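Q: Please take a close look at one part of this structure and then set it within the whole. I am new to it, so a careful, connected account would suit me best.

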Amino acid sequence: KVAQMEGAKYLAHGATGKGNDQVRFEMCAIALDASLKTIAPWRDPEFLEKFKGRVDLLAYAAANNIPVDATPKAPYSLDANLYHTSYESGMLENPMTGPPKDIFRMTVDPGGTVYLTV
């Protein structure tokens, strides 16, 4: 609705190319207004050449005074809303790596990491 009111021709999202977020964003946008073109930086070769990963993005944000929650010390992304907080990337991509102690925001550390052998 806002895109139509503003006369927008493009819709951009920051979903990476490895999750289903990009599909949900783009399918919803098409359902609402099929004339909008999608800009998806993580599928753009020029963007990928300039930003190899999170370290490059954090450096860009710092150089341009763009506030972000991620830091080189905790290089994971965080998505928080009223119902939950989810984290991804960095060391969290390895299922054998437990969460760092400072990651808990809406809950508390359960007292230690438990590893299961499957």
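A: Helices (H or I, at least four residues) and strands (E, at least two) are DSSP runs, numbered from the N terminus. With that in mind, the part to look at is Tyr 76, which sits in the loop between α4 and β3. This is a predicted model, in which local features need pLDDT of at least 70 and side-chain atom pairs pLDDT 80 or more, while totals for chains, interfaces and linings use all residues. Residues are numbered from 1 along each chain as its sequence is written, and side-chain values use heavy atoms, with hydrogens and water left out.

Tyr 76 has a relative accessible area of 10% and is therefore buried (under 20%, whereas exposed means over 50%; 1.4 Å probe, protein chains only). Leaving aside residues up to four places away in sequence, Tyr 76 is in contact (heavy atoms within 4.5 Å) with Arg 54, Ala 70, Tyr 87, Glu 88, Ser 89, Met 91, Leu 92, Pro 100, Asp 102 and Ile 103. Gly 90 lies 14 residues away from Tyr 76 along the chain, yet their C-alpha atoms are separated by 5.4 Å.

Two of the residues that Tyr 76 touches, Arg 54 and Glu 88, lead on to the largest pocket, whose volume is about 970 Å³. Of the 30 residues that line this pocket, Arg 54 and Glu 88 are among the closest to its centre, together with Gly 14, Thr 16 and Ser 77. Two or more lining residues come from each of α2 (21-32), α4 (54-63), β3 (77-80) and β4 (85-88), and α4 gives the most, with four. A pocket here is an open set of 1 Å grid points where a 1.4 Å probe fits, with protein on both sides within 12 Å along at least five of seven lines, and lining residues have an atom within 4 Å of a point. Sorted by class, the lining holds 14 nonpolar, nine polar (Gly among them) and seven charged residues (Asp, Glu, Lys and Arg).

Another loop worth a look is the one between β1 (10-12) and α2, where His 13 is found. His 13 is buried as well, since its relative accessible area is 10%. The side chain of His 13 makes a polar contact (N or O atoms within 3.5 Å, one able to donate a hydrogen and the other to accept it) with the side chain of Glu 26, at 2.6 Å. A polar atom of the His 13 side chain also lies 3.2 Å from the backbone nitrogen of Ala 15. Beyond four places in sequence, the residues that His 13 touches include Gln 22, Phe 25, Thr 38 and Arg 43.

The loop that holds Tyr 76 also contains Asn 65, which has a positive phi of about 55° although it is not a glycine. Asn 65 is exposed, because its relative accessible area is 71%.

Across the whole protein chain there are four helices and four strands, running α-β-α-β-α-α-β-β from the N terminus on. The radius of gyration, taken over C-alpha atoms, is 18 Å, well over the 13 Å that the globule rule (2.2 Å times the number of residues to the power 0.38) gives for 118 residues, so the chain is more spread out than a compact globule. The C-alpha atoms fill a box of roughly 50 × 30 × 30 Å along the principal axes, and buried residues make up 16% of the 118 residues.

Terms used
Points joined across faces, edges and corners; volume = space filled by probe spheres on them.
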